[in-house]
Amino acid sequence: MYNEFLGQIEDFIFVEDKPEKSDIIFVPGNGFPEMAELAARLYGNGYAPCVLPSGKYSVTLGKFSGVQSEKAYYNGTYHTEWEFLKDVLVKNGVPETAVLKENQATFTYENAIFSRKVTDQAGIDVKKAILCCKTYHARRSLMYYQLLYPETQFLVCPACPDGITRENWRETKEGVDAVAGEVDRIIKQFLLMMDDKER
């Protein structure tokens, strides 16, 4: 019973799909390069004609939190998550002309909201999209983007910058805290969003 319950949590939180040819690749804002590196590989393999990284900085910090890994390679002066993610994409072979710009979002829901504005203004009809996010951030990212793009088929292609995966999250306090925190945020944030919609 206990293992079955944990398995249900894993199935819910750790969403992962095989990539397919899509209209765009989304990268929600963050300070890790791994998600944008994955997006660059997918772009290079012809899965989408453009990439939209999104993000200003963390609403709690009020500034870009800084590069979280591979700091020696990604050593520019970045004022926003978008500036950082764009640099990662370009250094990994994505031409600047294929990188769209969204540099106002300060949390994940805003990543989706402002990304929708960018694609609408660019006239991009997003029928199918790839979402490159962190492993245990996959469900929450998907739920937000799906809210803003209700007619779009999303394929979640996550990266694992901090070593927390479906297979090992139970083995460390960091993993348990990360997954439990996602469950908590999903419940609280979506209840608040639904309450706002009903008012």
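Visitor: What makes the residues of S1, Ile24 and Phe26 on the one hand and Ile25 and Val27 on the other, count as buried or exposed, and which way do they point?

Guide: In this predicted model, Ile24 and Phe26 point one way from S1 while Ile25 and Val27 point the other way, and all are buried; the term buried is used because the relative accessible area is under 20%.

Visitor: How do you know that S1 is joined to S3, and how many bridges are there?

Guide: Three bridges join S1, residues 24-27, to S3, residues 128-131, and the two strands run parallel. Pairing asks for at least two bridges, so S1 and S3, with three bridges, count as paired. One of the partners can be named, since isoleucine 24 has alanine 129 as its bridge partner in S3.

Visitor: And what joins S1 to S2?

Guide: Here too the strands run parallel, and three bridges join S1 to S2, with isoleucine 25 standing opposite valine 51 in S2.

Visitor: Why do S2 and S4 stand at the edges of the sheet?

Guide: The four strands form an open sheet in the order S2-S1-S3-S4, with parallel pairing. S2 and S4, the latter spanning 153-156, each have a single partner strand, so one side of each is left without a neighbour in the sheet. On average, and with direction ignored, neighbouring strands of this sheet are turned by 25 degrees against each other.

Visitor: Which helices lie across these strands, and at what angles do they run?

Guide: Helix H2, residues 34-44, lies across S1, S2 and S3 and runs at about 175 degrees to S1, whereas H5 lies across S1, S3 and S4 and runs at about 160 degrees to S4. Angles run from 0 to 180 degrees between N-to-C directions, so the 175 degrees of H2 to S1 says that their N-to-C directions are nearly opposite.

Visitor: Where is histidine 137 placed, and why is it called buried or exposed?

Guide: Histidine 137 is in the loop between S3 and H5. Its relative accessibility is 15%, and the limit for buried is under 20%, so histidine 137 counts as buried. Leaving out residues up to four places away in sequence, histidine 137 touches Thr108 and Glu182.

Visitor: What lines the largest pocket, and which residues lie nearest its centre?

Guide: The largest pocket has a volume of about 740 Å³ and is lined by 30 residues, of which Gly29, Asn30, Glu81, Thr108 and His137 lie nearest its centre. Two or more lining residues come from each of helix H4 (108-122), helix H5 (138-148) and helix H6 (173-198), and H6 gives the most, with four residues. By type, the lining divides into 13 nonpolar, twelve polar and five charged residues.

Visitor: Why is glutamate 174 called buried or exposed?

Guide: Glutamate 174, in helix H6, has a relative accessibility of 55%; exposed means over 50%, so glutamate 174 counts as exposed. Its C-alpha atom is separated by 9.9 Å from that of glycine 163, eleven residues apart along the chain.

Visitor: What makes glutamate 70 worth a look in its backbone, and how accessible is it?

Guide: Glutamate 70 has a positive phi of about 55 degrees although it is not a glycine, and its place is in the loop between strand S2 (51-53) and helix H3 (81-91). The relative accessible area of glutamate 70 is 36%, which lies between the 20% and 50% limits, so glutamate 70 is called partly exposed.

Definitions and conventions:
Residues numbered from 1 in each chain as written. Predicted model: local features only at pLDDT ≥ 70, side-chain atom pairs only at ≥ 80, totals over all residues. Heavy atoms only, no water. 1 Å grid on protein atoms, 1.4 Å probe; cavity = no way out; pocket = protein on both sides within 12 Å on 5 of 7 lines; lining within 4 Å. Points joined across faces, edges and corners; volume = space filled by probe spheres on them. Nonpolar A, V, L, I, M, F, W, Y, C, P; charged D, E, K, R; others polar. Buried < 20%, exposed > 50% of the residue type's maximum accessible area, 1.4 Å probe, protein only. Contact = heavy atoms within 4.5 Å.
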